[in-house]
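Student: I'd like to zoom in on one spot in this protein rather than get the grand tour. Could you take me through it slowly, and then show me how it fits with what lies around it?

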Amino acid sequence: QLQLVESGGGLVQAGGSLRLSCAASGRTASNYGMAWFRQAPGKERELVAVISWAGSPSYAAYVNGRFTISRDNDKNMLYLQMNSLKPEDTAVYYCAAGRKTYLHPQESDYWGQGTQVTVSS
């Protein structure tokens, strides 16, 4: 089994930056895509970004160049650099992983517990 633990969330003013991390541990396997999701109160969970095992990224349209997803496979880490944050970015951010994650991130096998990001106006 794979365990995912997010960190790096917090309170930031609009226009500021945060760097989220997701640490993978346990019986890890290769060929896992990874993704970042977010969920605000009363809203559905939505995809933020996805990255293949080899490091090819893809982003939701609303990111508009503000975020960068990356990974370090040697360290079993996933990152999300978030710049120019807006109040509407406020949500719990989750990382996910699995063999289907890159093309079908909603069907990820493993999910973290989430980290809160709050952006004040």
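Student: Leaving aside its neighbours within four places in sequence, which residues is Ser21 in contact with?

Tutor: Bear in mind that this is a predicted model. Setting aside residues within four places in sequence, Ser21 is in contact with Val5, Glu6, Ser7, Trp36, Met77, Leu78 and Tyr79. Ser21 itself lies in strand β3. The cut-off for buried is under 20% relative accessible area, and Ser21 has 15%, so it counts as buried.

Now for the strand's surroundings. β3 belongs to an open sheet of four strands, ordered β1-β3-β8-β7, with antiparallel pairing. That order puts β3 between β1 and β8. At the edges stand β1 and β7; each has a single partner strand, so one side of each has no neighbour in the sheet. On average, neighbouring strands here are turned by 15° against each other, ignoring direction.

Follow the sheet over to its β7 edge. β7 and β8 run antiparallel and are joined by six bridges. Phe67 stands opposite Met82 in β8. The loop between these two strands holds Asn76, a residue other than glycine with a positive phi, near 55°. Asn76 is partly exposed, at a relative accessible area of 33%. You'll find a similar case in the loop between β6 (57-59) and β7, where Asn64 sits. Asn64 also has a positive phi without being glycine, near 50°, and with a relative accessible area of 66% it is exposed.

Back to β3, where the disulfide comes in. A search of the whole structure turns up one such link, and it is formed by Cys22 and Cys95, with their sulfur atoms 2.0 Å apart. The link is right-handed, with 55° about the S-S bond. Because Cys22 lies in strand β3 and Cys95 in strand β9, the pair ties together parts that are 73 residues apart in sequence. Cys22 is buried, at 0% relative accessible area, and Cys95 counts as buried too, at 0%.

Then there's the core. The largest nonpolar core has 29 residues, and those touching the most other members are Leu4, Trp36, Val48, Leu78, Leu80, Met82 and Tyr93. Two of these names, Trp36 and Leu78, you have already met as contacts of Ser21. β3 (18-26) is among the elements that give two or more residues to this core, and so are β1 (2-7), β7 (67-72), β8 (77-82) and β9 (91-98). For a feel of the packing, take Val48: not counting residues up to four places away in sequence, Val48 touches Trp36, Phe37, Arg38, Tyr59, Ala60, Tyr62, Val63, Phe67, Leu80 and Tyr93. So Trp36 turns up in the contacts of Ser21 as well as in those of Val48.

Finally, step back to the whole protein. There are 11 strands and zero helices. Its radius of gyration is 13 Å, close to the 14 Å that the globule rule gives for 121 residues, so the protein is as compact as a globular protein of that length. The C-alpha trace spans about 40 × 30 × 25 Å along its principal axes. Buried residues make up 43% of the 121, and Ser21 is one of the buried residues. Among contacts between residues at least 6 apart in sequence, 57% join residues at least 24 apart.

Terms used. Residues are numbered from 1 along each chain as its sequence is written. This is a predicted model: local features need pLDDT of at least 70, side-chain atom pairs count only at pLDDT 80 or more; totals for chains, interfaces and linings use all residues. Side-chain values use heavy atoms; hydrogens and water are left out. A nonpolar core is a set of buried Ala, Val, Leu, Ile, Met, Phe, Trp, Tyr and Cys residues joined through side-chain atoms within 4.5 Å. Buried means under 20% relative accessible area, exposed over 50%, partly exposed in between (1.4 Å probe, protein chains only). Contact means heavy atoms within 4.5 Å. Two strands pair if DSSP finds at least two bridges between them. Axes are lines fitted to C-alpha atoms, for helices over the stretch in contact, and angles run from 0 to 180 degrees between N-to-C directions. A disulfide is a pair of cysteine sulfur atoms within 2.5 Å. The radius of gyration is taken over C-alpha atoms; the globule rule is 2.2 Å times the number of residues to the power 0.38.
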